[in-house]
Amino acid sequence: MNSPVPTALARTTSWNKAMSASPGPLDVHVPADRIEGTIPAALLGGRVLSNGPGWTRIGDRTAHPFDGHGYVRSLRLLEDGSCQLRARFVRTPSYVAEEEAGHLVHRGLATNPSSLFWQNLRKGPPRNVANTTIVPWGGRLLAGWEAGAPYALDPESLATRGEERFGGLIDDVATLAHLRRDHSQGRLTLCNVTQGRNTTLAFQELDEQDNLVSQSGATIDGMLFIHDYAFTPSWFVVGGNPLSLKPGALLMSMVGAGVFFNAVAPDTRRPGCLHLLPRRGDGPVRTVELPGPAFVVHFGNAFEQADGTVVVDVCAFEDFTFGAEFGYQGPDAPFDPALPEARGPQSLYRITVPPEATTASWVRLTDHGVDFPRFHPEHEGVETPTLFGATRRDTRYSDPFDSIIAIDLLDPERPEQLWTAPETVFMGEPLFAPSDDDPAQGHVLAILSDGIRGETTLAIFDAQALADGPVARIPLPLLPIAFHGEWEPAGK
């Protein structure tokens with residue numbers, strides 16, 4: 001009789017298989033009779049889009065997931081109750097070069113092509129791998145990356161059209177991967193970041209024809225980590241995540257003997273804060289101190305109350321270490337899912353900033369560690385009833401995620417909803433597909449990764465009965481772990 005595999009080993013095995021999966025281009029049809037349950041009629045015709053690293057084991061080296069090549073997945077829920085999966089790599093110049101070479105060619109944020117530093121010289125700046133976000137806009141899909149321009153894809157074939165610089169608007173600047181949409185005004189918002197001794201932020205707002213309709217920005221003292229932002233009708237909101245440079249490590253990274261991620265660290269000597277930048281006009285930046293340490297990676301929503309009070313939902317660490325995300329241990333080692341547990345969970349806070357205040361209050365919305373906060377996709381900048389996130393059943397940790405959580409933002413007394421996947425199955429970012437009739441009702445869609453069984457599942461939940469489990473499960477080939485995605489309703 002075979003003895004069972006210890007849970008820790010099975011979890012590590014499953015995580016490594018999911019993180020390292022690289023099935024390449026896919027066109028897979030899943031007929032309705034292979035789907036457990038029934039796809040809700042309200043979702044038919046729509047699709048889930050996701051993006052993440054689809055190639056991390058490149059030659060004989062494992063790239064940090066942030067340096068893995070972008071792999072966009074489209075999961076269309078067809079009218080006959082079946083599902084069509086299409087997946088393609090974003091064909092950036094670095095992808096094409098490494099596909100031809102069969103090994104790492106260009107440097108990344110956390111990965112060098114060689115362990116011999118002289119072979120990394122003249123490899124240029126970190127490569128744009130377009131692997132972080134995917135946003136439908138203006139008849140194309142935009143695949144974002146953290147420090148360069150997004151790449152435009154054909155919305156149906158997923159063929160790469162090329163770098164999208166919006167007619168020269170973002171030439172020679174680093175644009176955040178997170179592109180947020182103001183549905184109330186039909187605008188796409190971009191944030192460009194210029195780093196040095198200080199941090200300069202430039203926000204642009206485009207209409208649906210890519211015309212520039214508004215821009216604003218400011219320079220903030222110190223070097224900051226900016227990955228995401230939120231907005232209200234009056235403000236753009238960013239986390240005041242101060243960084244300190246390690247001069248020796250920076251020099252090592254510049255000569256190819258180290259990586260950039262090893263040269264920066266959060267500056268924990270400074271208190272947590274938010275910066276509020278005026279969305280209109282040239283008013284001063286408001287710097288608002290928070291009640292405790294806060295290293296903000298992802299934002300939920302933000303909105304303004306009638307008296308001008310700003311309310312912001314954030315996921316914040318007390319501290320953060322760069323380089324070990326997703327359990328990365330280096331180019332010659334397996335991923336370790338226990339590594340993220342060592343830094344502690346992300347806390348989900350609701351922050352309240354009164355008018356003219358220089359300090360804010362906050363309340364923690366759940367005991368669970370939460371990331372990937374999502375809500376009604378058309379409620380950016382206005383109050384929304386529910387927040388969904390990826391979490392862990394064990395409240396000591398947040399990632400790697402095994403659960404999905406729903407939190408009522410209008411009734412704090414209402415118990416949260418939680419659903420947990422089976423052991424060795426990992427939860428991706430939850431996406432909310434709202435009902436046309438009630439903004440609190442609809443469905444939640446999440447991608448589950450099971451490396452042990454070699455299978456990915458698209459799970460669909462009733463948003464009002466999340467804890468009851470999926471109403472439909474769509475079996476798919478094992479896909480690599482994704483970062484961010486979008487729900488695109490039928491006809492959009």
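**Figure 1. Strands E14 and E15 make a hairpin in this predicted model.** Three residues sit between the two strands of this hairpin. E14 and E15 (residues 199–206) run antiparallel, and eight bridges join them. To find one matching pair, look for Asn-192, whose bridge partner in E15 is Ala-202.

**Figure 2. Strand E14 also forms a hairpin with E13.** Here four residues lie between the strands. One residue in the turn to pick out is Gly-186, which has a positive phi of about 65°. E13 (residues 180–182) pairs with E14 in the antiparallel sense, over three bridges. Arg-180 finds its bridge partner in E14 at Thr-189.

**Figure 3. How much of strand E14 is buried?** Seven of the nine residues in E14 (residues 187–195) are buried, so the rest of the structure largely encloses this strand. E12 pairs with E14 too, in the antiparallel sense and over two bridges. In that pairing, Thr-175 stands opposite Asn-192 of E14. You have met Asn-192 already: its bridge partner in E15 is Ala-202.

**Figure 4. Leu-158 and Asp-172 both have a positive phi without being glycine.** Let's take them one at a time. For Leu-158, phi is near 65°. You'll find Leu-158 in the loop between strand E10 (151–153) and strand E11 (160–163). Is Leu-158 buried or exposed? Leu-158 has a relative accessible area of 1%, which is under the 20% cut-off, so this residue counts as buried. For Asp-172, phi is about 60°. This residue sits in the loop between E11 and strand E12 (174–175). Its relative accessible area is 79%, which is over the 50% cut-off, so Asp-172 counts as exposed.

**Figure 5. Four strands line up as an open sheet in the order E17-E18-E21-E22.** The pairing in this sheet is antiparallel. Which strands stand at the edges? They are E17 (230–231) and E22 (286–289); each has a single partner strand, so one side of each is left without a neighbour in the sheet. Zoom in on E21 (residues 273–278) and E22, and you'll see antiparallel pairing over four bridges. Within that pair, Cys-273 stands opposite Glu-289 of E22.

**Figure 6. Strand E29 is covered on both faces.** E29 spans residues 417–420. On one side are Gln-417 and Trp-419, on the other Leu-418 and Thr-420, and all of these are buried. E28 (residues 403–408) runs antiparallel to E29, with four bridges joining the two. Thr-420 of E29 has Ser-403 standing opposite.

**Figure 7. A cis peptide bond leads from Asp-399 to Pro-400.** Omega for this bond is near -5°. Where is Pro-400? Pro-400 is in the loop between strand E27 (386–391) and E28.

**Figure 8. Ile-407 is a residue of strand E28.** Why does Ile-407 count as buried? Its relative accessibility is 6%, below the cut-off of 20%, so Ile-407 falls in the buried group. Leaving aside residues up to four places away in sequence, Ile-407 touches Leu-348, Leu-365, Thr-366, Pro-385, Thr-386, Leu-387 and Glu-416. What about Phe-322? From C-alpha to C-alpha, Phe-322 and Ile-407 are 29 Å apart in space, and 85 residues separate them in sequence.

**Figure 9. Stepping back, the chain has four helices and 35 strands.** Its C-alpha atoms fill a box of roughly 65 × 60 × 45 Å along the principal axes. A compact globule of 492 residues would have a radius of gyration near 23 Å, and the chain's 21 Å agrees with that. Of the 492 residues, 59% count as buried. Now take the contacts between residues at least 6 apart in sequence: 59% of them join residues at least 24 apart. The chain exposes about 19600 Å², with carbon and sulfur atoms supplying 51% of that area. As for charges, there are 39 positive and 60 negative ones, and their mean positions are 6 Å apart.

Key
Residues numbered from 1 in each chain as written. Predicted model: local features only at pLDDT ≥ 70, side-chain atom pairs only at ≥ 80, totals over all residues. Heavy atoms only, no water. Buried < 20%, exposed > 50% of the residue type's maximum accessible area, 1.4 Å probe, protein only. Pairing = 2+ DSSP bridges. Rg over C-alpha atoms; globule rule 2.2 N^0.38 Å. Contact = heavy atoms within 4.5 Å. Areas by Shrake-Rupley, 256 points an atom, 1.4 Å probe, with all protein chains shown as cover. Lys, Arg positive; Asp, Glu negative; His and termini not counted. Charge placed at Lys NZ, Arg CZ, Asp CG, Glu CD.
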